[in-house]
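Thanks for making room for this in the meeting. I would like to walk through one chain with you, so please bring up the sequence and the model before I begin.

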Amino acid sequence: MSADVAIRRITAEETVPLRHAVLWPDHPVSHVLLPEDASGYHYGAFLPDTSTPVAVISVFYDPLPVHPSPDAPSDTSAKAARFRKFACDPEHQGRGIGTKLLKHVFDTAAAEMGCGVIWCDARMSAAGWYERRGMRKVGDMFYKGDIEYVRMMRDLVATES
């Protein structure tokens with residue numbers, strides 16, 4: 001299925017409906033807006049003949065927070081990218097679309113943004129999914145509202161285009 005998916009850059013505004021519907025449907029739309037949206041890179045995954053993305057993700061330059069823990073990276077000086085508000089329409093989950101979008105972001109952060117590491121605050125319910133895609137947990141579990149999160153990161157390798 002993911003072979004038929006097109007990944008392309010979109011506006012922050014185009015991410016909002018899916019962000020809201022998937023991540024925080026019980027909150028006002030303003031809850032999924034980020035102050036840094038204007039400076040971010042936003043991507044959508046599109047199925048053939050659709051004008052609305054079925055998955056969205058936003059990426060920002062954001063230094064990796066320092067963690068006083070054994071699983072923290074030893075080199076926190078690498079230029080870092082952070083992805084946020086990654087959402088896939090539940091009707092299209094399990095088809096490789098999110099994986100393809102995340103890989104695109106890994107490649108873009110390395111090759112175009114010049115980053116050596118990428119990180120996110122992941123919901124604990126999704127941590128295993130991220131681990132299967134090469135990310136690792138860094139630090140302790142924490143809460144945003146009543147949802148458990150863990151910080152996750154991955155070292156990036158620039159790829160040849």
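Let me start with a question: is Leu18 buried or exposed? Keeping in mind that what we are looking at is a predicted model, the answer is that Leu18 is buried, because its relative accessible area is 11%, below the 20% under which a residue is called buried. Leu18 belongs to helix α1, and its C-alpha atom is separated by 7.3 Å from that of Ala55, although the two residues are 37 positions apart along the chain.

Let me now step back to the overall layout. The chain has 3 helices and 7 strands, and, read from the N terminus, these elements follow the order β-α-β-β-β-α-β-α-β-β. Of its 161 residues, 43% count as buried.

A second contact between distant parts of the sequence involves helix α2, where His104 is found. The C-alpha atoms of His104 and Ile7 are 7.7 Å apart in space, while in sequence the two residues are separated by 97 residues. His104 is partly exposed, because its relative accessible area is 26%, a value that lies between the 20% and 50% limits.

I turn next to the aromatic residues, of which the structure makes some use in pairs: 7 aromatic pairs are found here. Take Phe83 and Tyr130, whose ring centres lie 5.7 Å apart with an angle of 45° between the planes, so that the pair is classed as tilted. This pair joins distant parts of the chain, since Phe83 sits in strand β4, residues 80–88, and Tyr130 in helix α3, residues 127–131, with the two positions 47 residues apart. Phe83 counts as buried at 3% relative accessibility, and Tyr130 is buried as well, with a relative accessible area of 8%. Tyr130 also pairs with Trp129, and here the centres are 5.2 Å apart and the planes stand at 85°, so this pair is edge-to-face. Trp129, for its part, is partly exposed, with a relative accessible area of 24%. Put together, ring pairs link Phe83, Phe86, Trp129 and Tyr130 into a cluster.

Two rings also have a positive charge placed over them. The charged end of Arg8 sits over the ring of Phe46, at 3.6 Å from the ring centre, and Arg123 lies over the face of Trp24, with a distance of 4.9 Å to the centre of that ring.

What, then, of the cysteines? The count of disulfides is 0. Cys88 is buried, with a relative accessible area of 11%, and Cys115 counts as buried too, at 5% relative accessibility.

Some of the residues already mentioned come back when we look for open space in the model. Rolling a probe the size of a water molecule over the atoms shows where empty space is left. The largest pocket holds about 760 Å³ of space, and 32 residues line it, with Leu23, Phe86, Ala87, Ala126 and Tyr130 lying nearest its centre. The elements that contribute two or more residues to this lining are α1, β4, α2, β5 and α3. Which of them gives the most? That is β4, with 7 residues in the lining of the largest pocket. By residue type, the lining of this pocket divides into 14 nonpolar, 10 polar and 8 charged residues.

I will finish with two points of backbone geometry. As a reminder, most residues other than glycine have a negative phi. Asp49, which is not a glycine, nevertheless has a positive phi of about 60°. Asp49 lies in the loop between β2, residues 41–46, and β3, residues 55–61, and this residue is exposed, with a relative accessible area of 85%. Lys85 is the other case I would point to, with a positive phi near 55° in a residue other than glycine. Lys85, however, lies in strand β4, and it is buried, because its relative accessible area is 15%, again under the 20% limit.

So where might you look on your own screens? I would go back to Tyr130, which is part of the ring cluster and one of the residues nearest the centre of the largest pocket.

How values were computed: Residues numbered from 1 in each chain as written. Predicted model: local features only at pLDDT ≥ 70, side-chain atom pairs only at ≥ 80, totals over all residues. Heavy atoms only, no water. Phe/Tyr/Trp six-rings, centres within 6.5 Å; stacked < 30°, edge-to-face > 60°. Helix = DSSP H or I, 4+ residues; strand = E, 2+ residues; numbered from the N terminus. Buried < 20%, exposed > 50% of the residue type's maximum accessible area, 1.4 Å probe, protein only. Lys NZ or Arg CZ within 6 Å of the ring centre and 35° of its normal. Disulfide = S-S within 2.5 Å. 1 Å grid on protein atoms, 1.4 Å probe; cavity = no way out; pocket = protein on both sides within 12 Å on 5 of 7 lines; lining within 4 Å. Points joined across faces, edges and corners; volume = space filled by probe spheres on them. Nonpolar A, V, L, I, M, F, W, Y, C, P; charged D, E, K, R; others polar.
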